[in-house]
Amino acid sequence: MPKVSLTVNGKPASAEVENRTLLVELLREHLRLTGTHVGCDTSQCGACVVHVNGASVKSCTMLAVQCEGAEVVTIEGLAAPDGTLHPMQEAFREYHALQCGFCTPGMVMSAIDLVQRNPQGLSDREIREGLEGNLCRCTGYHNIVRAIAAAQQVMHGKVKELPRAAE
Amino acid sequence: MYDFAYHRPSSVADAVKLLASDPDAKVMSGGMTLIPTLKQRLARPSAIIDLSGIRDLVGISVSAGAVTIKAMTTHAAVAASAEVKKAIPALAAMAEHIGDAQVRNRGTIGGSIANHDPAADYPGAVLALGATVHTNTRKIAADDFFTGMFSTALAPDELVTAVEFPIPEKAAYVKFPNPASRYAMVGVFVAKGPAGVRVAVTGAGANGVFRHTAMEEALAKNWSPDALHDVGTAEEGLNGDIHASKEYRAHLVGVMAKRAVAKAG
Ligand SMILES: Cc1cc2nc3c(=O)[nH]c(=O)nc-3n(C[C@H](O)[C@H](O)[C@H](O)COP(=O)(O)OP(=O)(O)OC[C@H]3O[C@@H](n4cnc5c(N)ncnc54)[C@H](O)[C@@H]3O)c2cc1C
Ligand code: FES
Ligand code: FES
């Protein structure tokens, strides 16, 4: 069986896989990182989004063997070792940007890539368009957009503290 | 998904050799169409030949008269390219609206045109701009490249290596996206340039992308949305499915074409 060696959340990892093993299966079943979810069979829902070499990808639509030598970051790799949340995670909590939470790992990973690629800042409409590859069945997206709009201010250094959601 | 052998050659020559030696092998570029197909067991290739290790197949170059995009260049790279935005803004804008951000980070121009999904966007740009498809053995004019739904003039062991787009005077693309997939329910790409006026329609034809010659004639006389007022689109040969009937698609072709001409200015 082919062996794949890569970096996951900053640490070296390797596993014996089949050629047909998907990246998401490598993460969930071999490396036991079950924060990355699978929500569909058609590459449409985005629950499985992770970063590979800095770009957000659908890990259900990439082979594990294609990730030889790659740097992969999953939802588990965002918080600091002391548990301090990434500003995007903090914003999702503060703005109640989730209900069941199934789509959340993918939403957060897509949102971080979206914000990083747009240092000029995004309007609410641009945030909605940027999330085309992520489906949520619960929230109606409204609070997700608010969370991302707030998180981008922290990520771009415009404010030190995350703006609080109104009571 | 059935299992397969996996190869990651580092040159086009090696990829072609692997492909020629195994008629059941398939090449993979971004995998955004191929992997979902494999997951549904709609294909059972003996081997996957992954082109992502071929550095030579990535990149964009602009000369005085043309923009050349190598086959493994992602939709995201085309959308973000300052050079493409300057030379053919309609092409960059089209790439920016393919699927979603994650699809654009992986999907490639070579994979998109080789696949010739009848609802894909790139075939419209290739045909309307009168592009030339470069392969490992020859150059194919856009008019000869797309031969039917999911079929092209490519031989089984032939690879797309690049697409060369002549720079038009004016061009624009407008699509009516399927609200779930973002594929084109109908998309119309209009261009006025070295090859004259060309109008390509994607998403609508049962045989894939096609040129709308009646619209081309009308626009050659008078480049304005009004020129299309009385130009109809035959329902025969169009796709009808759960998303849109033939009649609706025929109507959308007219609406999208007018909007595209207005956008091109
Ligand atoms: C959720 C989703 C939404 C999408 N929305 C859109 C959309 O709105 N518009 C749109 O146009 N597309 C859309 N796509 C398709 C996307 O653009 C794909 O990137 C594209 O169709 C295939 O490109 P690829 O590089 O992924 O090819 P692959 O999946 O790797 O390959 C596709 C086919 O082409 C062959 N092939 C690949 N490269 C070459 C080559 N260089 N030479 C010869 N043959 C080759 C392969 O063998 C395979 O048969 C969407 C896809 C998904 C999953
Ligand atoms: S699981 Fe739905 S896009 Fe990957
Ligand atoms: S919170 Fe339930 S799917 Fe998004």
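**Exercise 1. Polar contacts of ligand 1**

Identify which atom of Ser181(B) lies 3.5 Å from a nitrogen atom of ligand 1, and place this pair beside the side-chain pairs of Ser29(B) and His75(B) in this predicted model.

*Solution.*
Step 1. A polar contact is a pair of N or O atoms within 3.5 Å; within protein, one must be able to donate a hydrogen and the other to accept it, and residues adjacent in sequence count only if both atoms are side-chain atoms.
Step 2. In Ser181(B), a backbone N or O atom lies 3.5 Å from a nitrogen atom of ligand 1.
Step 3. Ser29(B) places a polar side-chain atom 2.6 Å from a nitrogen atom of the ligand, and a side-chain N or O atom of His75(B) is 3.0 Å from an oxygen atom of ligand 1.
Step 4. Ligand 1 taken alone exposes 980 Å², of which the protein buries 95% (Shrake-Rupley method, 1.4 Å probe; for residues, only the protein chains shown count as cover).

The model is predicted: local features need pLDDT of at least 70 and side-chain atom pairs pLDDT 80 or more, whereas totals for chains, interfaces and linings use all residues. Residues are numbered from 1 along each chain as its sequence is written, chains are lettered from A and ligands numbered from 1 in the order in which they are written, and side-chain values use heavy atoms, without hydrogens and water.

**Exercise 2. The shell around ligand 1**

Determine which chains and domains supply the residues around ligand 1.

*Solution.*
Step 1. A residue is near the ligand if one of its heavy atoms lies within 4 Å of it. Of the 32 residues around ligand 1, those that come nearest include Ser29(B) and Arg182(B).
Step 2. Residues from chains A and B surround the ligand, so the site is shared between chains.
Step 3. Within chain B, domain 1 (1-51) and domain 2 (170-264) both contribute, so ligand 1 lies between them (bounds from an automatic or database domain assignment).
Step 4. Helix 7 of chain B gives the most to the shell, with 4 residues (helices: DSSP runs of H or I, at least four residues; strands: E, at least two; numbered from the N terminus).

**Exercise 3. Asn53(A)**

Locate Asn53(A) in chain A and decide whether Asn53(A) is buried or exposed.

*Solution.*
Step 1. Asn53(A) sits in the loop between strand 3 (49-52) and strand 4 (55-58) of chain A.
Step 2. Its phi is near 50°, a positive value in a residue other than glycine.
Step 3. The relative accessible area of Asn53(A) is 54%, so the residue is exposed (buried is under 20%, exposed over 50%, partly exposed in between; 1.4 Å probe, protein chains only).
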